[in-house]
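Biologist: Before we discuss individual assignments, I should like to see the sequence and the model. Please justify each term as we proceed.

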Amino acid sequence: DLLIIGEAPGAEEDSLGEPFVGQAGKLLDAMLHAIQLDRQQVYITNVLKCRPPQNRDPHTSEIICCDSYLQRQIALIQPKVILAVGRVAAHHLLLTQAALGSLRGRKYSYNGIPLLVTYHPAYLLRMPAEKGKAWQDLLQVKKILSI
C-alpha cells in the first residue's frame, strides 16, 4: 500500500542491490516501525536505478532514462500512497524545483495516487533537528493508509 521513492542507490545499495541499506536504511526502518510498518510491508525504490558516478546528484537526462521503469513499478504496485523522500524524488514526481521544506506537509496527487514529501533519511542523519517534521509526514502517511 505504501510506495517509498528515493533518489538513487548509494555505494552500499549498489553493491547489495537493495535500496536504503546502511545507516539511512536503518533510520528508514525505524521510521516505518514508528508507524507500525516494516520493510516487508512497503515497496521501496529510487527515481534513478543505478548509482551516479561519485554519488553526484542525478542529471535530468538520467532520470528521464529511468522514468519508464519507475512508471511501470507504480502501475504494477498500485500503491495507496506514495512517499517521496528527498529533493530529487520530490522534484521529479511533482515537476517542480521548489525547496523541499516548502513541499512537505501537504498532500499532492500523482496520477490519482496521494503523494507526500518528506526528508531523506540521510539528511535526517545530518540534521536530526528535522526529525520532528519527518514524524509529522509519517503520521500523514499512516492516516491515509488507515482510510
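**Assignments and their criteria**

Modeller: The sulfur of Cys 66 lies 5.4 Å from the closest cysteine sulfur, that of Cys 50, which is too far for a bond. This is a predicted model, in which local features need pLDDT of at least 70 and side-chain atom pairs count only at pLDDT 80 or more, while totals for chains, interfaces and linings use all residues. Residues are numbered from 1 along each chain as its sequence is written, and side-chain values use heavy atoms, with hydrogens and water left out.

Biologist: Why is Cys 66 not counted in a disulfide with Cys 50?

Modeller: A disulfide is a pair of cysteine sulfur atoms within 2.5 Å. The separation here is 5.4 Å, so the pair does not qualify. The structure holds 0 disulfides. Cys 50 is likewise in no disulfide.

Biologist: What makes Cys 66 buried, and is Cys 50 buried or exposed?

Modeller: Buried means under 20% relative accessible area, exposed over 50%, and partly exposed in between (1.4 Å probe, protein chains only). Cys 66 has 10% relative accessibility and therefore counts as buried. Cys 50 is neither, because its relative accessible area of 45% makes it partly exposed.

Biologist: Where is the kink in α3 centred?

Modeller: Cys 66 is the centre of a kink of about 40 degrees in α3. The bend at a residue is the angle between axes fitted to the seven residues ending there and the seven starting there. Helices (H or I, at least four residues) and strands (E, at least two) are DSSP runs, numbered from the N terminus.

Biologist: How does the span of α3 compare with the expected one?

Modeller: The expected span is 1.5 Å times one less than the number of residues. With 18 residues, α3 reaches 25 Å from its first C-alpha to its last, close to the 26 Å expected. Gln 78 follows α3 and has a positive phi, near 50 degrees.

Biologist: Why is Gln 73 called buried, and what does its side chain meet?

Modeller: Gln 73 lies in α3, residues 60-77. Its relative accessible area is 16%, so Gln 73 is buried. Its side chain makes a polar contact with the side chain of Tyr 43 at 3.2 Å. A polar contact is a pair of N or O atoms within 3.5 Å; within protein, one must be able to donate a hydrogen and the other to accept it, and residues adjacent in sequence count only if both atoms are side-chain atoms. Gln 73 also touches Thr 45 and Lys 49, not counting residues up to four places away in sequence; contact means heavy atoms within 4.5 Å.

Biologist: What makes Gly 25 buried, and how do you know that the length of α2 agrees with expectation?

Modeller: Gly 25 has a relative accessible area of 2%, so it is buried. Gly 25 is placed in α2, residues 22-34. The 13 residues of α2 should span 18 Å, and its end C-alpha atoms are 19 Å apart, which agrees. The buried residues of α2 also include Leu 27, Leu 28 and Met 31. Among the elements covering the buried residues of α2 are β1, β2 and α7 (131-146).

Biologist: How many residues has the largest nonpolar core?

Modeller: It has 44 residues, and those with the most contacts inside it are Leu 2, Ile 4, Ile 5, Ile 82 and Val 117. A nonpolar core is a set of buried Ala, Val, Leu, Ile, Met, Phe, Trp, Tyr and Cys residues joined through side-chain atoms within 4.5 Å.
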